[in-house]
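Subject: Structure handover

Hi there,

Here is the structure I promised to pass along. Please open it beside this note, and the comments below should be easy to follow.

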Amino acid sequence: DQIAAEFVDYKTAMIRLSYDSEGRQKLTEGGLDWIVDKLPKTEKIIGDNECITGNKVTFVDFFVWEQLDFLNVFLPGSLDKVPKLKAYHERFRNLPQLESYFKLEEYPFNNVMAAIGAKVVH
């Protein structure tokens with residue numbers, strides 16, 4: 001619950017920035033650095049678990065993965081200082097059950113009206 005609540009705060013900040021007409025500029029000026037600074041705490045809580053709450057995928061894994069992916073795409077290198085979270089991000093993305101989703105050429109983070117993340121090509 002604690003991790004889910006923290007990531008709701010992160011998602012809220014990401015949405016505000018994404019729909020701000022000056023969002024891209026704020027992003028390059030460190031608008032989400034406070035989130036990146038908190039990731040080591042999350043990594044410590046997760047420890048060596050395969051998933052957020054242990055070894056079984058729950059809704060929290062999908063939610064956390066999405067926020068980590070946003071950071072990974074729009075702040076390249078942001079997961080480099082948290083190797084366990086980076087490995088978690090890659091491991092979750094490679095789950096066989098999600099393969100068809102990730103084969104899509106693009107998947108957006110936000111609505112088409114967003115200044116950031118309306119169309120993301122991976």
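Which residue forms a salt bridge with Glu-66? The partner is Lys-11, and the closest N and O atoms of the two are 3.6 Å apart. Glu-66 belongs to helix 4 and Lys-11 to helix 1, so this pair ties together parts that are 55 residues apart in sequence.

Before the rest, a word on how to read the values. This is a predicted model, in which local features need pLDDT of at least 70 and side-chain atom pairs count only at pLDDT 80 or more, while totals for chains, interfaces and linings use all residues. Residues are numbered from 1 along each chain as its sequence is written, and side-chain values use heavy atoms, with hydrogens and water left out.

Salt bridges

I call a pair a salt bridge when a side-chain nitrogen of Lys or Arg is within 4 Å of a carboxyl oxygen of Asp or Glu. By this rule the count is seven. Accessibility is given as relative accessible area: buried is under 20%, exposed is over 50%, and partly exposed is in between (1.4 Å probe, protein chains only). On that scale Glu-66 is partly exposed at 27%, whereas Lys-11 is buried at 17%.

Another of the salt bridges joins Arg-91 and Glu-50, at 3.1 Å from N to O. That pair links distant parts of the chain, with Arg-91 in helix 5 and Glu-50 in the loop between helix 3 and helix 4, 41 residues apart. Both ends are partly exposed: Arg-91 has a relative accessibility of 28% and Glu-50 one of 41%. Asp-20 also pairs with Lys-26, their closest N and O atoms being 2.4 Å apart, and Lys-26 is partly exposed at 34%.

Helix 3

Helices here are DSSP runs (H or I, at least four residues), numbered from the N terminus. Helix 3 covers residues 33-46, and its end C-alpha atoms are 21 Å apart; the expected span is 20 Å, so the two agree. That expected value is 1.5 Å times one less than the number of residues. Helix 3 does bend, by about 30° at Leu-39, and Pro-40 follows within four residues. The bend is the angle between axes fitted to the seven residues ending at a position and the seven starting there. Just after the helix comes Gly-47, with a positive phi near 65°.

The buried residues of helix 3 are Ile-35, Leu-39, Thr-42, Glu-43 and Ile-46. Their cover includes helix 1 (2-18), helix 4 (59-74) and helix 5 (83-93).

The core

A nonpolar core is a set of buried Ala, Val, Leu, Ile, Met, Phe, Trp, Tyr and Cys residues joined through side-chain atoms within 4.5 Å. The largest has 31 residues, of which Leu-32, Leu-39, Val-64 and Leu-68 touch the most other members. Helix 1, helix 3, helix 4 and helix 5 each supply at least two residues of this core.

Ser-18 and Asn-110

Ser-18, in helix 1, is buried at 0%. Its contacts (heavy atoms within 4.5 Å) beyond four places in sequence include Phe-70 and Asn-110. Asn-110 lies in the segment after helix 6 (99-102) and is buried at 13%. The C-alpha atoms of Asn-110 and Tyr-19 are separated by 8.7 Å, with their positions 91 residues apart along the chain.

Best wishes
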